[in-house]
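I opened this notebook to record what I looked up, one entry at a time. The entries go from single definitions to parts and then to the whole chain.

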Amino acid sequence: MILEYAIGAFILGGLVGLIRDYKATVKASSFMAFLGSLALLWQVYYVYTNGPVTGSLFGIPVRIDNLSIVFLLIIGLVGVASSLFAINYMEMFENVGKGWVYAVAYNTFLASMALVVTVDSMEYFVMSWELMTLSSFILVFFSEKLRDVDASVKYYITMHFLDTIPLFLALGTAYSLVGSFDKLTFENIANAMANAPFHTKAVFGGLLMIAFMTKSGMIPFQFWVAETYRAAPTSVSAVMAGAMEKVALYGLIALIWRIVGTSYSLGLFVAVIGAITLTVGTLYALRETNAKRLLAYHSIGQMGYIWLGIGIGMALIPKGGFLAAVGALGAFAGLFHALNHAIFKASLFLSAGAVEYRTGTVDLDELGGLGKTMKVTALAALFASLAISGVPPFNGFLSKWLIYVSGYYSHSYVLALGAVLAAFISAATLASFVKFYGTQFGGEMKRYDVEEAPAGMLAGQWILAGLTLLIGVFPGTVTGILNVFNAPIDTNLYKIGFKSVFFSPVLFVIVLGILTFGLYLVFKPEYKEAKPWDCGSTQIDEDEYRINAEGYYIKYEEKIGSFYRLGDWFYSVGAGIIHYIVRAYLWMASYFTKIVDTPYTKVESLDDLREREIMHIDEEVFKPLIRFLNIARDVLPGIRLGTFIVIALIVVGAIVGLLIAM
């Protein structure tokens with residue numbers, strides 16, 4: 001099983017953390033993550049050409065079917081690009097040190113996501129899910145800045161209360177039906193659930209729905225997304241937005257749809273939640289001036305599109321006949337947009353990371369004029385911006401268009417309204433990315449005299465940015481893998497469509513090219529450099545001759561100010577809930593502190609816990625192992641290796657030896 005090679009590479013990537021030198025550690029571990037992600041893509045190709053694979057991975061039951069490979073494709077593509085990018089990008093955190101933390105957490109993060117979408121046991125699904133959450137939590141506070149640590153703590157507490165608890169309760173429900181942990185395969189649970197009473201199905205499905213909505217950032221559980229993605233290293237944010245959110249979509253389909261079953265009402269609920277989320281997320285992104293928070297809110301919005309498509313499928317497929325075909329189209333479009341979103345959103349985060357790497361900021365109000373010095377990054381950002389905005393011939397247009405078509409043919413006013421709303425919000429998305437792109441790469445700002453990003457970072461961006469155009473022009477490259485629901489779509493090299501509604505990307509490109517060339521010949525534009533008009537003033541610096549990000553849509557924001565005020569109130573309610581949960585945690589932590597420290601220790605804030613060495617119960621269990629690893633790390637000689645090339649060669653040699661042994 002090729003998955004073994006991928007997990008083996010990720011394990012070796014974590015073991016690379018034994019290297020003391022920070023740069024060597026992050027480069028070698030990122031390289032091993034790159035190899036592991038490539039192995040995931042190899043597994044996708046094997047299953048697509050040879051059929052599903054069933055077996056055991058280190059004693060864990062695994063089944064890789066046509067649904068699993070869609071998500072392995074997403075994790076593999078995002079992992080390949082982000083890992084290449086991280087080889088240089090993670091140098092930004094050299095002053096933090098602790099390269100071993102990054103090595104272990106990053107590789108564990110990728111490995112755990114791969115396990116979530118391939119294990120064939122509810123028990124191991126929950127364990128892998130928790131490993132994914134824990135490793136991502138560690139990566140979020142990697143910078144160790146106070147604001148980032150607070151964001152990571154709130155993220156982890158949110159995940160525990162809205163993810164971990166529901167998942168463990170769902171696991172207990174499944175165990176009560178099956179009666180044995182050894183028999184907790186998804187097939188056994190589905191068979192038991194078929195004969196279970198309605199209230200058992202409702203409890204099991206409801207618990208899972210809360211967990212998957214939270215991890216996807218759906219309304220009303222989206223409050224953790226913006227600060228978490230802002231706080232994490234940008235290469236990690238790309239993986240979280242591009243891949244981790246999609247893992248929750250896998251859970252929605254594999255555990256709720258396939259095991260519990262679906263109905264028109266459940267599908268309508270999922271679609272309505274998706275429509276509301278795509279609206280709220282996109283409108284909040286429109287007013288953001290921090291590049292990473294802007295992209296985070298668009299992740300919320302784009303996940304809304306995906307859930308809308310899947311909801312149409314869940315609602316209509318059970319009806320049979322023509323509506324079942326429409327539902328299959330909607331579900332296909334949802335999966336298609338999941339892949340497309342993973343590609344262009346990860347690419348956008350990597351472009352923002354490249355700007356951050358060179359300028360030290362992601363504040364759009366402080367940026368501008370970078371298009372002249374970072375041309376390759378600017379072009380990658382332009383491709384991805386057009387893709388997320390649904391502009392043809394990029395990939396985002398096709399999946400959004402198919403969602404609109406499925407909503408139109410649904411014979412449901414609610415679903416049709418959701419599709420119309422999605423089309424309208426695409427205009428707001430385009431407006432938002434005019435700001436995102438223009439404020440960074442447009443204008444004449446001379447404040448940043450920077451060079452282009454390193455080659456590895458550019459490769460990471462362009463692996464994904466190139467795919468936005470390739471898939472957009474030739475959708476047949478991926479439609480075979482994505483058509484899990486047997487949607488009656490007609491696709492070949494030249495067209496894609498449903499019934500009589502077709503779009504030809506190739507023809508569109510040809511016509512657009514001819515029109516562009518013709519207009520150029522007719523008007524023969526001349527390009528001349530000229531200084532901006534200063535209205536006679538001699539006191540204003542040229543860097544100020546521009547509209548900053550905050551002022552782009554200020555009048556529009558004033559028009560819908562009541563919407564933002566209502567949303568801010570909901571955010572404040574969520575923040576208050578998290579605050580009291582943190583206080584409850586601190587109250588409990590104070591008793592553990594008294595046990596291992598002194599009876600007079602006061603714990604009133606997270607800083608109080610950070611300032612003293614406190615032993616918790618789980619630390620008591622693992623401390624001997626940690627102490628042994630620290631001793632081994634200190635006494636092993638010759639760990640420092642001169643260059644990354646030598647490290648890479650040795651690590652590759654190790655994995656080759658492991659593969660031969662297997």
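Entry 1, a cut-off. I take a residue as buried when its relative accessible area is under 20%, and as exposed when it is over 50%. The model I am reading is predicted.

Entry 2, helix α13. With that cut-off I checked how α13 is covered, and 36 of its 39 residues are buried. I then looked up its length. At 1.5 Å a residue the 39 residues should span 57 Å, and the end C-alpha atoms are 57 Å apart, so the two values agree. Just after α13 I found G360, with a positive phi of about 85 degrees.

Entry 3, helix α4. I repeated both checks on α4, which covers residues 99-116. Its 18 residues should span 26 Å at 1.5 Å a residue, and this agrees with the 26 Å between its end C-alpha atoms. α4 is mostly covered as well, with 15 of its 18 residues buried.

Entry 4, the cores. Which residues have the most contacts inside the largest nonpolar core? I noted M113, M122, F125, F204, F212 and L249, in a core of 203 residues. Helix α13, residues 321-359, gives the most to this core, with 21 residues. A second, separate core has 12 residues, among them A24, A28, L84 and I87.

Entry 5, M122. I listed what M122 is in contact with, leaving aside neighbours within four places in sequence. The list reads A170, L171, A174, L184, F186, I189, F204, L208 and L255.

Entry 6, helix α9. I looked up two residues in this helix, which runs over residues 225-231. V225 lies in α9 and has 0% relative accessibility, so I count V225 as buried. V225 touches G217, A296 and I300, when residues up to four places away in sequence are not counted. I also checked V225 against Y297: they are 72 residues apart along the chain, and their C-alpha atoms are separated by 7.4 Å.

R230 lies in α9 too. Is R230 buried or exposed? At 12% relative accessibility, R230 counts as buried, because the cut-off is under 20%. Not counting residues up to four places away in sequence, R230 touches R147, D148, N290, K292 and R293.

Entry 7, the sheet. I found three strands in an open sheet, ordered β3-β4-β5, with antiparallel pairing. β3 (490-491) and β5 (501-503) stand at the edges with a single partner strand each, so one side of each has no neighbour in the sheet. Strand β4, residues 496-498, pairs with β5 over three bridges in the antiparallel sense. At this pairing I noted F498 opposite V501 in β5. Helix α15, residues 395-408, lies across β4 and β5 and runs at about 175 degrees to β5.

Entry 8, the whole chain. I closed with totals. How many helices and strands does the protein chain have? I read 24 helices and five strands. Of the 662 residues, 57% count as buried. The chain exposes about 28,000 Å², and carbon and sulfur atoms supply 65% of it. Among contacts with a separation of 6 or more, 80% come from residues 24 or more positions apart.

Definitions and conventions:
Residues numbered from 1 in each chain as written. Predicted model: local features only at pLDDT ≥ 70, side-chain atom pairs only at ≥ 80, totals over all residues. Heavy atoms only, no water. Helix = DSSP H or I, 4+ residues; strand = E, 2+ residues; numbered from the N terminus. Buried < 20%, exposed > 50% of the residue type's maximum accessible area, 1.4 Å probe, protein only. Contact = heavy atoms within 4.5 Å. Areas by Shrake-Rupley, 256 points an atom, 1.4 Å probe, with all protein chains shown as cover. Pairing = 2+ DSSP bridges. Axes fitted to C-alpha atoms, helices over the stretch in contact; angles between N-to-C directions. Core = buried A, V, L, I, M, F, W, Y, C linked by side-chain atoms within 4.5 Å. Expected span 1.5 Å × (residues − 1).
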